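Welcome, and please open your viewer. We will go from stop to stop, and at each one you will get something to select and something to look for.

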Amino acid sequence: MHFSPDSLSQRSLRSVWHPCTQMKQHEKLPPLAIVRGEGAWLQDENGDRYLDGISSWWVNLFGHANPRINAALIDQLGKLEHAMISGCTHAPVVELSERLATLTEHQLGHAFYGSDGASAVEIALKMSAHYWRNKGLPDKHRFVYLEKSYHGETLGALSVTDVDVFRHAYHPLLQHAFMAPSPDARSAETPAKAACHAIQAMDALLTEHAGEIAAVIVEPLVQCATGMAMHDPSYLQQLRILCDRHQVHLIADEIAVGCGRTGSFFACEQAGIWPDFLCLSKGITGGYLPLSLVLTRDAIYQAFYDDDVRMGFLHSHSYTGNPLACRAALACLDIFENDDVLCMNELLAERLDNALQPLASHGAVRHARRQGLIWAFDVDPQAIPAISADDAADGMAGGSFAQRYHLAARRHGLLLRPIGHTLYMMPPYILNHSEVTHLAQGALASLNDVLKPA
């Protein structure tokens, strides 16, 4: 491949340190330079278009350059772009907090705002440990996370993340936490049995260490970043019982799975439970602006309500509750309400299920699965051939299945990024019939391209 030194891609390599990237790999394969988005599509600097099958890292709900979200932001720009909410407040942050509390049937509220998902996890972890300290139980400051979990890459969030490539360099900096088995439905004959085995192990862990554990943190229904490991709702039901029994908080990380991704607005709803802390980010602004938040119970809020400043929760950042980000989130909630999005998503899921059937039944695919608008397919490593000379010349020498598939998908007009040997799709909620067909047929064709012998 030849890239002009003046291209956006090459300029980016000279000036930008890209996230989640070994920059040396871009020597022969520069980043894809996106110049425009419209609906489900992204356009690069060469005019090529790609259907955004992963919602730009799981954040885009209603398409790029959505007219209604655009209009809300333009209106807000003419009123207030930012004001600190330490000692002040403003309409967008108040209204968003009220509406989110209503969506939890007022089981949760007192929204505390951050900027990104890892920040929300940090807030929840700190709140939990601080709560127990305020209650006279300072020894309860450790956490339990699940095998295969991912909760972010700041130091607190990384302490409860089980992805070695992110953890290993920073291990000396991390707090020691307990890891419990994943309820991954692929680990037993049935999803219910996998959940049962995992709950038994969690019960034993909490029985032994409850006196030092502040909270258990989970991604409800889908553990996303380590291959879309899905689990039965019964796991959450039993985990809620265990946390209550052992006086341990339950933190639901709904950063990726919230905002309708799993079929309900909050994933926890499908288990009929509410956590003690619920973290949201990613889709809450429709992919427009960075925003995260933590909702919690009134009893937890009250434990910080005191004349002593040190009893208060003093976490902050300068853009907490930014009016523009909150207004984008409000525009998204309006779309959910006015368009009956959750109902329409069921119809979209059914159409994609049918279109993806040839991929699900492919001879190299194992464990085809879906939760809401998240699809995943494990590709048998034995079916993946060695890299071809042509691919090696394109900079993919030693390239993984994920890298090779990503390039093949681009050739078919798709933006997809497998996780290891797991091919997944998490598209925006707005796909029409032709886009469903394009996604399904392109995903299958891309897999066949990668599986061709060298």
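Begin with helix 1 and select Arg14 and Ser15: these exposed residues sit on the face of the helix turned away from its buried side. Keep in mind as you look around that this is a predicted model.

Which residues of helix 1 are buried? Select residues 8-15 to show the helix, then colour Ser9, Gln10 and Ser12, the buried ones. Now look down the axis of helix 1: the buried residues fall within an arc of 155 degrees, so they line one face of the helix. A general rule helps here: an α-helix has 3.6 residues a turn, so residues three or four places apart point the same way.

**Next stop: a residue in helix 5**

Select residues 117-134 to bring up helix 5, and pick out Ala118 within it. Is Ala118 buried or exposed? Ala118 counts as buried because its relative accessibility is 12%, and the cut-off for buried is under 20%. Show its neighbours too: leaving aside residues up to four places away in sequence, Ala118 touches His151, Gly152, Glu153, Thr154 and Ala157. For a distance to try in your viewer, pick the C-alpha atoms of Ala118 and Ala33, which are separated by 26 Å. Along the chain, these two residues are 85 places apart.

**Next stop: three strands**

Select strand 13 (365-371) and strand 16 (422-425), the edge strands of an open sheet, each of which pairs on one side only. The sheet has three strands in the order 13-14-16, and their pairing is antiparallel. From one strand to the next, the twist averages 15 degrees. Add residues 374-379, which make up strand 14, and look at how this strand pairs with strand 13 over five bridges. Within that pairing, Arg369 stands opposite Ala376 of strand 14.

**Next stop: aromatic rings**

How many aromatic pairs does a search of the whole structure find? The search finds 13. Select Tyr301 and Tyr305 for a tilted pair, with 5.9 Å from centre to centre and 45 degrees between the planes. Tyr301 is partly exposed, at 33% relative accessible area, whereas Tyr305 is exposed, at 60%.

Now select Phe336 and Tyr429, an edge-to-face pair with 6.3 Å between the centres and 75 degrees between the planes. Phe336 lies in helix 11 (residues 323-338) and Tyr429 in the loop between strand 16 and helix 16 (433-451), so this pair ties together parts that are 93 residues apart in sequence. Both Phe336 and Tyr429 are buried. Add Phe62, Phe265, Phe266 and Trp274 to your selection, and you will see the cluster that ring pairs link together with Phe336 and Tyr429.

**Next stop: charges over rings**

Select Arg49 and Trp41: the charged end of Arg49 sits over the Trp41 ring, 4.3 Å from the ring centre. Then try Lys140 and Trp132, where the charged end of Lys140 sits over the ring, 4.6 Å from its centre.

**Last stop: two loop residues**

Select Glu105, in the loop between helix 4 (91-103) and strand 4 (109-114). Its phi is near 60 degrees, a positive value in a residue other than glycine. Glu105 counts as exposed, at 58% relative accessibility.

Finish at Asp340, in the loop between helix 11 and helix 12 (341-355). The phi of Asp340 is also positive, near 50 degrees. At 44% relative accessibility, Asp340 counts as partly exposed.

Terms used:
Residues numbered from 1 in each chain as written. Predicted model: local features only at pLDDT ≥ 70, side-chain atom pairs only at ≥ 80, totals over all residues. Heavy atoms only, no water. Pairing = 2+ DSSP bridges. Helix = DSSP H or I, 4+ residues; strand = E, 2+ residues; numbered from the N terminus. Axes fitted to C-alpha atoms, helices over the stretch in contact; angles between N-to-C directions. Phe/Tyr/Trp six-rings, centres within 6.5 Å; stacked < 30°, edge-to-face > 60°. Buried < 20%, exposed > 50% of the residue type's maximum accessible area, 1.4 Å probe, protein only. Lys NZ or Arg CZ within 6 Å of the ring centre and 35° of its normal. Contact = heavy atoms within 4.5 Å. Arc of directions from axis to C-beta.
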